[in-house]
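Subject: The structure I promised you

Hi,

Here is the structure I said I would send over. Have a look at it first, and then read my notes underneath.

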Amino acid sequence: LAGGVVTRSRLVAESLLVETDLGRYDCVFLVNVAQFTRGEGLVLDNYLKSGGGVVFFLGDRVRPEQYNQILGGMAPGAFDILPARLQPAPVEKRQMLNPLEYRHPIIEVFRGQERAGLLATPVEKHFPLEVPAESASQFVLALDDGTPLVVERPVHRGRVILVGTSADTAWTPMPLLP
């Protein structure tokens, strides 16, 4: 129990996504999933229609062209779920985080909290993200060169967040932030 909110999580293998009742969860985190089938895209699209939230963390297993095709709406019959397109390969270049003046509600909690470490956290590797023109996507967090690292947008009745780096410490120590 944290702040009067009950939080439960469940770890599910990516192969079981289509068999899992996502309606039982407020938010689904997809971490370093290599690729998605059309059936899995349909499950996520339906979950977003019901108001669910989806967070994608990338990593070394991710096949960006497949994400763009199935979840980025680039193939016939595909789903327009992603808030940005993934570039073909991750970039290995140490960069620092740019909170973009803490404008987005996700990052706003860090305003005035310099000791939390956000501004001192490096990203060693990331997938560059390209936000299409005319998109409803918002930059949540950028790198020090201004390129987006975390992008969010509404999809149907839900929200999707795309994080261009890993959820573990392989590409950034960000998961160690308090």
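Before the notes, one term: I call a residue buried if its relative accessible area is under 20%, and exposed if that figure is over 50%. Keep in mind too that this is a predicted model.

With that cut-off in hand, start at strand β2, residues 53-57, where 5 of the 5 residues are buried. The cover is on both faces: G53, V55 and F57 are buried on one side, and V54 and F56 on the other. As for its pairing, β2 runs parallel to β1 (residues 27-31), and 5 bridges join the two. If you want one pair to click on, V28 has V54 as its bridge partner in β2.

Next, strand β5. This one covers residues 122-126, and 4 of its 5 residues are buried, so "mostly covered" fits here as well under the 20% cut-off. Its pairing with β4 (residues 91-98) is antiparallel, over 4 bridges. The pair to look at there is Q95 and its bridge partner in β5, V123.

Now the overall picture. The chain has 3 helices and 9 strands. Reading from the N terminus, the order is β-α-β-α-β-β-α-β-β-β-β-β. How does the radius of gyration of the chain sit with that of a compact globule? For 178 residues the globule value would be near 16 Å, and the chain has 16 Å, so the two agree. Along the principal axes, the C-alpha atoms fill a box of roughly 45 × 40 × 30 Å.

Of the 178 residues, 46% count as buried. Taking contacts with a separation of 6 or more, 63% are between residues 24 or more positions apart. The chain exposes about 9800 Å², with carbon and sulfur atoms supplying 53% of that. On charges, I get 17 positive and 20 negative side chains, and the centres of the two sets lie 4 Å apart.

A few single residues are worth a look too.

G164 sits in the segment after β9 (158-163). Is G164 buried or exposed? It is buried, because its relative accessible area is 0%. Leaving aside residues up to four places away in sequence, G164 touches L58, H126, F127, L129, L149 and W171. H126 in that list belongs to the range of β5, residues 122-126. By contrast, Q113 is 51 residues from G164 along the chain, and their C-alpha atoms are separated by 23 Å.

Then there are two backbone angles to check. Most residues other than glycine have a negative phi. N32 has a positive one, near 55 degrees, and is not a glycine. You will find N32 in the loop between β1 and α1 (38-49). With a relative accessible area of 17%, N32 counts as buried.

Y102 is the other case: its phi is positive, about 60 degrees, although Y102 is not a glycine. Y102 lies in the loop between β4 and α3 (105-108). Its relative accessible area is 12%, so Y102 is buried.

That is what I have for now. If you open the model, I would begin with the V28 and V54 pair, then go to G164 and the residues it touches, W171 among them.

Cheers

Key: Residues numbered from 1 in each chain as written. Predicted model: local features only at pLDDT ≥ 70, side-chain atom pairs only at ≥ 80, totals over all residues. Heavy atoms only, no water. Rg over C-alpha atoms; globule rule 2.2 N^0.38 Å. Buried < 20%, exposed > 50% of the residue type's maximum accessible area, 1.4 Å probe, protein only. Contact = heavy atoms within 4.5 Å. Areas by Shrake-Rupley, 256 points an atom, 1.4 Å probe, with all protein chains shown as cover. Lys, Arg positive; Asp, Glu negative; His and termini not counted. Charge placed at Lys NZ, Arg CZ, Asp CG, Glu CD. Pairing = 2+ DSSP bridges.
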